Amino acid sequence: MISEKDFISTSHSNTIEKGTYEWSAPSNIALVKYWGKKDHQIPANPSISFTLNHCKTITKLSFEKKSTSIDINETGNSFSFDLLFEGKPKEDFKPKIQKFFERIEVYCPYLKEYHFTIDTQNTFPHSSGIASSASGMAALAMNIMNLEKALNPTITDDYFHQKASFLARLGSGSACRSIKGNIVVWGKHKELDGSSDLFGIEFSSKVHSNFENYQDTILLVDKGEKQVSSTVGHDLMHNHPFAEQRFLQAHHNLSAIKSVLENGNLEEFIKIVESEALTLHSMMMTSMPYFILMKPNTLEIINKIWKFRNETKIPVCFTLDAGANVHVLYPENVRVETLQFIKDELVGYCQNGQYICDEIGFGAQKL
Ligand code: DP6
């Protein structure tokens, strides 16, 4: 079994003075949710997600060896980086990156040898209420692995992706599902060979054609700042009265969705996915302190989706993140009718009528 120690970088055969890489990484939407974690970003239960295609972070990492241009005494013993968001310095993102570097230092000891400029931007609108931490941490992890590969060209592609996912997880749990593959599993599950708490793996079964190019239209119900940060949210699962039951349920739902992804049963898919979304929110409603993260319009949309599905038998369903926005999921062959329904009946519940059309994608890409 692969352990944390396997990700400690030791030998460098090459010296690299400076350079620039650029990677994009997508967001992902969980079908079985990660909610609750142990120390060191170990999930309390396994999760599975669709990788998105259009909602991405694009990150350019420039680096220069400290001894060449910057006073090594000044910054030699600490991380040195500038952070730009959409080309402008962004001080308030820096603590998160600093913490990320601290967490991954033992696995990437070369980081302190360089000064970095991290230049990042998202393809989705700023403050859309869409979490950028998954795509952002995944894009940064790919850049860092690019540097590691330059320092040590012997590392294999498999190791490269596994370690990128491992590093991304240490930045934000769900980020480890944004590296590689259409459908990604993170967290040890007895029926999924190779699954690990340490990194995401591509769902390895043959997926039914019903799920090819599966669509995700994200309805922006509330674009404000998240009411509950994910750190606070996950913490709510400690001493939660229903936690153990919930973690067990996630294992069952993962077994069930594995079969569904293989056999294409959309009715079962819908049951699992909607139940997962509502369970996630019910965990927040039954914790102490308690939160309601849905807005009235979230419920309006859910009811409209249920009505439309009943009347038309079109297999459209919803899922939610830890917020009020709604992800509308449906197969590609009902795209036209579903988009028409969204435009006619759901857009009115979105803030400024905004929504984003996305679909399953493949993962991070070098630009
Ligand atoms: C509700 O990955 O944002 O989206 O590990 O603290 O960064 P941290 O949490 P994060 O949690 C995501 C929770 C979720 C469900 C999911 O994506 O599985």
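How many residues apart are Glu-262 and Lys-258 in helix α7, and about how much of the helix does that make? They are 4 residues apart, which is about one turn of the helix, and both of them lie in α7. Before I go further, let me say that everything I describe this morning comes from a predicted model, and I would ask you to keep that in mind throughout.

Let me stay with that pair for a moment. Glu-262 forms a salt bridge with Lys-258, and the closest N and O atoms are 3.2 Å apart. The two partners fall into separate classes of exposure: Glu-262, with a relative accessible area of 31%, is partly exposed, whereas Lys-258, at 18% relative accessibility, counts as buried, because the cut-off for that word is under 20%.

By the rule used here, the count of salt bridges comes to 12, and I will take two further examples, both of which link separate helices. In one of them, Arg-246 is paired with Glu-276, with 2.8 Å between the closest N and O atoms. Arg-246 sits in helix α7 and Glu-276 in helix α8, which covers residues 266-285, so that this pair, 30 residues apart, links distant parts of the chain. Both Arg-246 and Glu-276 are buried.

The other example is Lys-304 with Glu-345, where the closest N and O atoms are 3.8 Å apart. Since Lys-304 lies in helix α9, residues 296-312, and Glu-345 in helix α10, residues 335-346, the salt bridge ties together parts of the chain that are 41 residues apart in sequence. Here Lys-304 is partly exposed, with a relative accessible area of 27%, and Glu-345 is partly exposed as well, at 34%.

Now to the annotation. In UniProt, an unreviewed entry carries the label "domain: Mvd1 C-terminal" for residues 218-345. Over that stretch, the model has 59% helix and 9% strand, and the C-alpha atoms at the two ends are 14 Å apart.

Next, some contacts between residues that are separated along the chain. Met-237 is in the loop between α6, residues 230-235, and α7, residues 243-263, and Met-237 is buried, with a relative accessible area of 5%. Its C-alpha atom is 8.6 Å from that of Met-284, although the two positions lie 47 residues apart in the numbering sense of being 47 apart in sequence.

Ser-47 is in strand β4, which runs over residues 47-65, and is buried, with a relative accessible area of 0%. The C-alpha atoms of Ser-47 and Trp-186 are separated by 5.4 Å, while the two residues are 139 apart along the chain.

What is the accessibility class of Lys-163, a charged side chain by residue type, buried or exposed? At 0% relative accessibility, Lys-163 counts as buried. The residue is in helix α5, residues 157-171, and its C-alpha atom is 8.5 Å from that of Ala-141, which is 22 residues away in sequence.

At the surface, by contrast, Lys-96, Lys-99, Arg-103 and Lys-226 form a positive patch. Of these, let me place Arg-103, which is in helix α3, residues 94-104, and which, at 31% relative accessibility, counts as partly exposed.

Finally, the backbone. Most residues other than glycine have a negative phi, and most peptide bonds are trans. Against that background, the peptide bond from Met-288 to Pro-289 is cis, with omega near 0°, and Pro-289 lies in the loop between α8 and α9.

There are also two asparagines to mention for their phi values. Asn-213, which is not a glycine, nevertheless has a positive phi of about 55°; Asn-213 is in the loop between β9, residues 200-202, and β10, residues 215-219, and is partly exposed, with a relative accessible area of 35%. Asn-352 likewise has a positive phi, of about 50°, and is found in the loop between α10 and β13, the latter covering residues 355-359. With a relative accessible area of 66%, Asn-352 is exposed.

Key. Residues are numbered from 1 along each chain as its sequence is written. This is a predicted model: local features need pLDDT of at least 70, side-chain atom pairs count only at pLDDT 80 or more; totals for chains, interfaces and linings use all residues. Side-chain values use heavy atoms; hydrogens and water are left out. Patches are made of residues with over 30% relative accessible area and no salt bridge: like charges are joined within 9 Å, nonpolar side chains (Val, Leu, Ile, Met, Phe, Trp, Tyr) within 5 Å. Accessible areas come from the Shrake-Rupley method with a 1.4 Å probe; for residues, only the protein chains shown count as cover. A salt bridge is a side-chain nitrogen of Lys or Arg within 4 Å of a carboxyl oxygen of Asp or Glu. Lys and Arg count as positive and Asp and Glu as negative; His and the chain ends are not counted. The place of a charge is taken as NZ of Lys, CZ of Arg, CG of Asp or CD of Glu. Buried means under 20% relative accessible area, exposed over 50%, partly exposed in between (1.4 Å probe, protein chains only). UniProt positions are given in the numbering used here, feature names are shortened, and annotations may be inferred rather than shown by experiment.
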